[in-house]
Each structure stands twice: as structure tokens, then as C-alpha cells.
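Hi,

Here is the structure I promised to pass on. Have a look at it first, and then read on for what turned up.

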Amino acid sequence: MKQRNYHSLKAYVRLWIFLGLAGFLILLSIVAPLLCPNDPYTTSSEFMNHAPCAQFPMGTDRYGRCICSRVLMGARTSIFSAVSLVGITFFVGSVLGLIAGWFGGVIDGVIMRLADVMLAFPQMVLAIAVAGILGGGMINAMLALGITGWTLYARLARAQVLALKKEPYVQAARLSGCSALRIMTTTLLPNMLGPLVVNAATQIGVMMIGIAGLSFLGIGVTEPQAEWGSMINLSRAYVQLAPWAVLAPAMATILTVMIFNMLGDSVRDVLDRGTEA
Amino acid sequence: MGTYIGKRMLHLLWIMLAVSFLTFLLMYLTPGDAASKKLSAQGVAVSEEVLEKTRENMGLNRPFLVQYGDWALHALRLDLGTSYKDGFSVTEKLWKGLKNTVILMLASMAISLLVSIPLAFLTAVKKNSWVDHVIRFLSFVGNSLPNFLISVLLMYYLCIKARLLPVVADKSLKGLILPCLALSIPITSRFVRQFRAEFLEQLCKPFVAGARARGVIEIYVLWDVLHNASITIFTIVGLSIGTLLGGSVVIETIFRWPGLGKLAMDAISNRDYPVIQGFVLLTSTIYVVVNLITDVTYHWIDPRLRER
């Protein structure tokens with residue numbers, strides 16, 4: 001274990017505030033269907049590109065759909081997909097890194113060489129190619145970003161295991177006849193979780209931007225499903241007529257990414273100060 | 001140093017082999033067979049007879065590994081096949097796009113460096129002052145903005161509302177401004193944060209205190225700090241090439257800049273697989289080679305690493 005840093009109360013307060021805000025956003029995305037003032041998928045020829053009014057608090061898009069409801073439902077898509085994508089890559093990457101670091105040899109070689117190769121592709125380029133070929137959809141977009149996403153955790157977990165392996169308490173667990181699975185889950189995992197969680201927390205914002213970017217290009221979440229990136233793409237041609245149709249999802253994206261990035265920063269401040277800025 | 005470069009070159013060789021294999025596999029695994037894709041991309045009515053003939057011509061009846069080997073050997077000779085869409089050579093198309101993308105990337109990188117280094121210095125020297133807080137907040141916001149959003153917002157406010165700039169990027173300098181801005185804002189923001197951390201670390205070093213104690217003018221001290229930080233700056237710049245390559249796809253599509261990214265997006269919407277294949281292979285090659293150059297230069301600049 002590295003020497004413990006003493007953190008100011010401020011860092012903890014910040015962490016709780018942003019945890020609260022992020023929790024609020026997640027809650028909001030769960031109860032979104034109850035909050036929608038209108039049906040997010042109902043089109044209407046009467047209210048095309050309609051300015052914000054009492055019935056449509058944020059106006060309507062070119063198909064006459066309620067922007068406010070779509071932004072709310074879009075929160076669901078964006079937050080759910082980013083958080084679950086980070087969760088999955090975090091889990092898969094950590095497990096693979098753990099296995100590679102603990103067993104070494106051929107298994108290590110295969111896993112880490114695979115990671116090396118995946119890292120040879122610029123993440124967004126590969127994601128665009130994969131999502132483009134698979135032809136859109138939320139699952140495909142997540143897959144496209146996840147292909148390279150796991151390597152971050154795998155490398156980190158492996159490095160941690162290699163360092164921890166030499167620790168006396170790990171040796172002791174080994175000598176006392178614990179199975180590999182037991183050592184990995186009860187001895188190694190709790191001691192290496194910190195840096196992994198820090199990275200996962202900072203990745204949520206990155207993945208959110210990635211998924212929104214793919215959707216914007218038309219190869220991520222596709223119409224008519226409500227998603228901020230694709231909403232912006234659909235409305236940008238009409239931005240002169242209906243700026244609200246672009247600005248509402250844009251502000252939602254900016255705020256959400258900022259909150260999750262702040263959360264990532266404060267998790268890092270509390271858990272470890274050593275990693276790069 | 002020689003053995004280090006040799007080792008890295010070997011590593012590069014096998015990585016490129018694996019990359020090319022995966023790229024080929026990716027296209028091979030796409031649903032539907034290549035012959036009907038080619039014909040439908042050209043808009044030809046598909047009959048079983050024509051299909052069989054095209055398959056024969058394209059060599060699709062051979063085993064997978066033979067097809068890969070053939071493709072890879074041609075790729076080594078810079079022949080990436082022909083576009084399904086119009087029959088032009090993929091290499092030529094990529095080359096044309098590459099030139100424009102490089103212009104865009106170099107200009108964006110130059111803007112990013114010119115803005116971020118002075119700002120990072122300012123925040124590091126005036127640590128915890130209001131200037132520091134404002135710049136750090138702005139860089140945080142910039143880092144949270146997706147580049148497509150920046151593009152759309154810039155377009156709306158600068159082109160449509162203020163009518164300052166053209167919406168579609170022509171090849172003039174004026175047309176280059178918006179794509180460059182959109183591409184460089186997130187990168188600049190990240191640079192400011194990373195450079196600030198490095199400058200702060202350097203400013204704490206004894207040589208700075210020593211120079212200041214001897215009454216050396218501050219500007220010379222800062223010059224030395226910049227000099228010492230240059231290795232880190234260099235590495236950070238090298239690592240950001242991936243972000244630039246990915247970002248340029250989005251930016252070029254929005255501003256219709258005729259670069260690699262736009263080529264790739266057009267190819268995706270046309271299901272023009274040889275072009276997508278070539279694009280992935282080319283960008284990965286650029287990425288890997290730039291990373292190699294960064295690492296080797298890093299070893300070459302830093303005398304402590306050179307001796308090993």
C-alpha cells in the first residue's frame with residue numbers, strides 16, 4: 001500500500017455533492033417516463049418546429065415531437081448506456097488483468113498481446129468503423145467502444161497484481177493453501193480496487209461523449225429512439241428555424257458530462273492523488 | 001539505443017501484422033457476402049450468375065487465410081484494392097484525404113500548443129489565484145464538451161447568428177478556422193490541465209529555488225522550466241494523436257472538409273468496405289508509428305534513459 005494521504009474535509013464534501021448530483025441524474029433517468037409532459041415519440045404535423053410554449057416547454061422538433069420529453073427520455077439512453085458500458089468494460093478488463101497478472105505465462109501473454117493490438121487502433125476510429133459496419137443501435141455502439149475500452153482496466157489490474165504478488169500477506173495466503181480464486185477475490189481485489197475505480201469514474205464522461213458522438217454520426221443510437229447526440233444531428237439542419245431543438249439536448253449533454261467528469265475528479269481526489277491529472 | 005529501436009521495430013512489425021489481420025477479419029465478418037455488397041454498392045441488379053462471376057473475379061472462393069495473405073501482400077505494396085462505389089484506387093482516395101486531414105490536424109495542434117502552453121504557465125505561476133481558478137474551470141468545461149457539440153454551437157453562433165464565417169469549410173484559410181477551433185478546444189483544455197501539473201512539478205524543483213535565490217530574472221527561470229518540461233509536453237502531444245484522428249472524422253463530416261474522416265463516413269454510408277478497411281489500416285498505422293516515434297525520441301532526448 002502506498003502511504004495514505006490525508007484528505008481535506010473539502011474533498012469528501014465535494015465527492016458527496018457530485019455523488020448526489022450523479023445519483024439524482026440516474027434517478028431522473030429512471031423516472032423519466034413519469035415526468036414527460038408529452039409522449040416523446042408522437043409526431044404532429046401541426047406543431048412542427050414549434051417554439052417553446054405551455055404545452056411543449058422546450059418546443060418541438062421538425063416532426064413535431066416534444067423536445068422536453070425527448071431530452072428526458074434521452075437521459076435514460078445516454079446515462080444508462082455510458083454507466084453500463086463502463087461497468088461491463090471495468091468488470092471484463094479487471095478480471096482479465098487479474099488472471100493475466102496472477103497466472104502469468106501463456107495466459108498473460110495472450111491477454112496482454114490482445115490488449116496491445118486493441119490499443120494500436122485509435123479508440124474513436126475503431127469505434128466508428130465497427131459501429132458503421134454493424135449498422136448502428138445502442139448495443140452495437142457500446143460494443144464498438146468496449147472493444148478497446150477494457151484494455152485500460154486490464155493493464156492497470158495486471159500491474160497492480162504484479163506489485164501485490166510480492167507482498168508478504170499475499171505470499172502468506174498462498175502458503176496457507178488458499179485457492180487462486182479465493183486469493184484473487186478476497187486478498188487481491190480489495191487492495192487493487194482504488195485505482196481501477198478512479199479510472200472507471202473518469203471514464204463515464206468519456207464514454208458518454210463517445211456514444212453521443214457515434215449517435216451524432218448516425219451510427220450509434222438511431223432514430224426514433226431518443227438520444228441527445230442523434231437529436232442534435234437531426235435538428236442541426238433546422239437550427240435557424242428551431243434553435244431550441246439543438247440547444248436543449250446540447251445543454252443536457254454538457255451538464256451531464258460535466259457532472260460525471262466532476263464526479264470522476266473528486267473520486268480521484270479522495271482515492272488517490274498520485275495518478276496523472 | 002540501437003537495441004531499443006530494434007526491439008521497438010520488431011514489436012511494431014507484429015502489431016501491424018495483427019492490426020492488418022483484425023482489420024481484414026472485421027470486413028470479412030460483416031453480414032452478407034462481398035460480391036453482392038460490391039454489386040449493390042454499384043447499383044447493379046443482382047442475378048445468381050453475375051454474383052458467381054463477381055465472386056470468382058474477386059477471389060472470394062479461396063480460403064480465408066489465402067484471401068488475407070493476398071490482401072496483406074497487396075497492402076504492403078500500397079495497393080488497397082478499388083472502391084466498390086466508383087472503382088477508383090483506394091490508395092489514391094486515401095492519399096488525397098490524408099493531405100487535407102494532415103493540414104487540419106497540424107493547424108489544430110499548433111493552435112492547441114500556442115494557447116495551452118502560456119495558459120498552463122499562467123495557472124502554474126499564479127497557482128490558487130482567481131486567474132488559476134477561471135482558466136482551470138474553463139479548461140474543465142472545454143474537456144467536457146464533445147467536439148460535435150462545439151462544432152454545432154460554433155456554427156450556430158458564428159456562421160448563422162453573427163455571419164462571420166462560411167458554414168461549409170472551403171479550402172481557404174477562413175474555411176479552416178471553424179474545424180480547427182472545434183478540433184482544438186477539447187485538446188487545448190486537456191493540455192492545459194496536463195501541462196499545468198507538469199509545470200507545477202518543475203517549479204517545485206530545487207533548480208528553480210536556486211535560480212530565484214541567485215536573482216535570475218523570472219523569464220529565464222520559466223524558460224528553464226519549459227525546457228525541462230519539454231519531454232513531457234512532447235509525450236503528451238504524441239499521445240493526443242489518437243484523439244485528433246478520431247475527432248477529425250466527426251469534424252470533417254460536419255464541416256464537409258474533404259479529409260480522411262469524411263471519406264470514411266461516406267464509405268460507411270455507401271457500405272464501401274475496401275475504403276473503410278484502408279481507412280482503419282492507415283489511421284492505425286499513423287497512430288502506431290507516431291507512438292513509436294514519440295517513445296524513441298523520448299529515449300533519445302532524455303540522457304538518463306539513453307544510457308540504459
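Let me begin at a small spot in chain B: just after H12(B), B:Arg271 takes a positive phi of about 55°. Keep in mind throughout that this is a predicted model.

The helix just before that spot is worth a look too. H12(B) is mostly covered, with eight of its ten residues buried. Among them are B:Leu260, B:Leu263, B:Met265 and B:Ile268, and B:Lys262 is on the buried list as well. What do the buried residues of H12(B) pack against? Part of the answer lies in the other chain: they sit against helix H5 (123-134) of chain A, together with helix H5 (90-125), H11 and H13 of chain B.

That brings us to the interface. Chain B puts 46 residues into the contact and chain A puts in 41. The area buried between the two chains is about 3,600 Å², and carbon and sulfur atoms give 82% of it. On the chain B side, B:Phe140, B:Phe148 and B:Tyr156 lose the most area to chain A, together 15% of what that side buries.

As for charges and polar groups, the count between chain B and chain A is one salt bridge. It joins the side chains of A:Asp265 and B:Arg193, at 2.6 Å from N to O. Four residue pairs are in polar contact across the interface, with both residues at pLDDT 80 or more. The elements that give two or more residues to chain B's side include helix H1 (2-28), helix H8 (173-203) and helix H12 (260-269) of chain B. H1(B) supplies the largest share of that side, nine residues. By type, the residues there divide into 32 nonpolar, eleven polar and three charged.

A:Asp265 has a second partner, inside its own chain: it forms a salt bridge with A:Arg268, where the closest N and O atoms are 3.5 Å apart. Both A:Asp265 and A:Arg268 are buried. The two lie about one helical turn from each other, because they are three residues apart in helix H10 (residues 243-271) of chain A.

Here are some other salt bridges, out of eleven found over all chains:

- B:Arg8 and B:Asp295 meet at 2.4 Å, N to O. This pair links distant parts of the chain, helix H1 and helix H13 of chain B, 287 residues apart. B:Asp295 has a relative accessible area of 29%, so it counts as partly exposed.
- B:Arg212 pairs with B:Glu218, with 2.7 Å between the closest N and O atoms. B:Arg212 is partly exposed at 37% relative accessibility, and B:Glu218 is partly exposed at 32%.
- A:Arg113, A:Asp116 and A:Arg155 are linked in a network of salt bridges.

On cysteines, the count comes to zero disulfides over all chains. A:Cys178 is partly exposed, at 25% relative accessibility, whereas B:Cys204 is exposed, at 68%.

One last residue to click on: is A:Thr89, in helix H3 (residues 67-103) of chain A, buried or exposed? A:Thr89 has a relative accessible area of 5%, under the 20% cut-off, so it is buried. Leaving out residues up to four places away in sequence, A:Thr89 touches A:Ser94, A:Gly146, A:Gly149, A:Trp150 and A:Tyr153.

Enjoy exploring!

Key
Residues are numbered from 1 along each chain as its sequence is written. Chains are lettered from A and ligands numbered from 1 in the order in which they are written. This is a predicted model: local features need pLDDT of at least 70, side-chain atom pairs count only at pLDDT 80 or more; totals for chains, interfaces and linings use all residues. Side-chain values use heavy atoms; hydrogens and water are left out. Contact means heavy atoms within 4.5 Å. Buried area is the accessible area (1.4 Å probe) that two parts lose on being put together, summed over both. A salt bridge is a side-chain nitrogen of Lys or Arg within 4 Å of a carboxyl oxygen of Asp or Glu. A polar contact is a pair of N or O atoms within 3.5 Å; within protein, one must be able to donate a hydrogen and the other to accept it, and residues adjacent in sequence count only if both atoms are side-chain atoms. Helices (H or I, at least four residues) and strands (E, at least two) are DSSP runs, numbered from the N terminus. Ala, Val, Leu, Ile, Met, Phe, Trp, Tyr, Cys and Pro count as nonpolar, Asp, Glu, Lys and Arg as charged, and the others, Gly among them, as polar. Buried means under 20% relative accessible area, exposed over 50%, partly exposed in between (1.4 Å probe, protein chains only). A disulfide is a pair of cysteine sulfur atoms within 2.5 Å.
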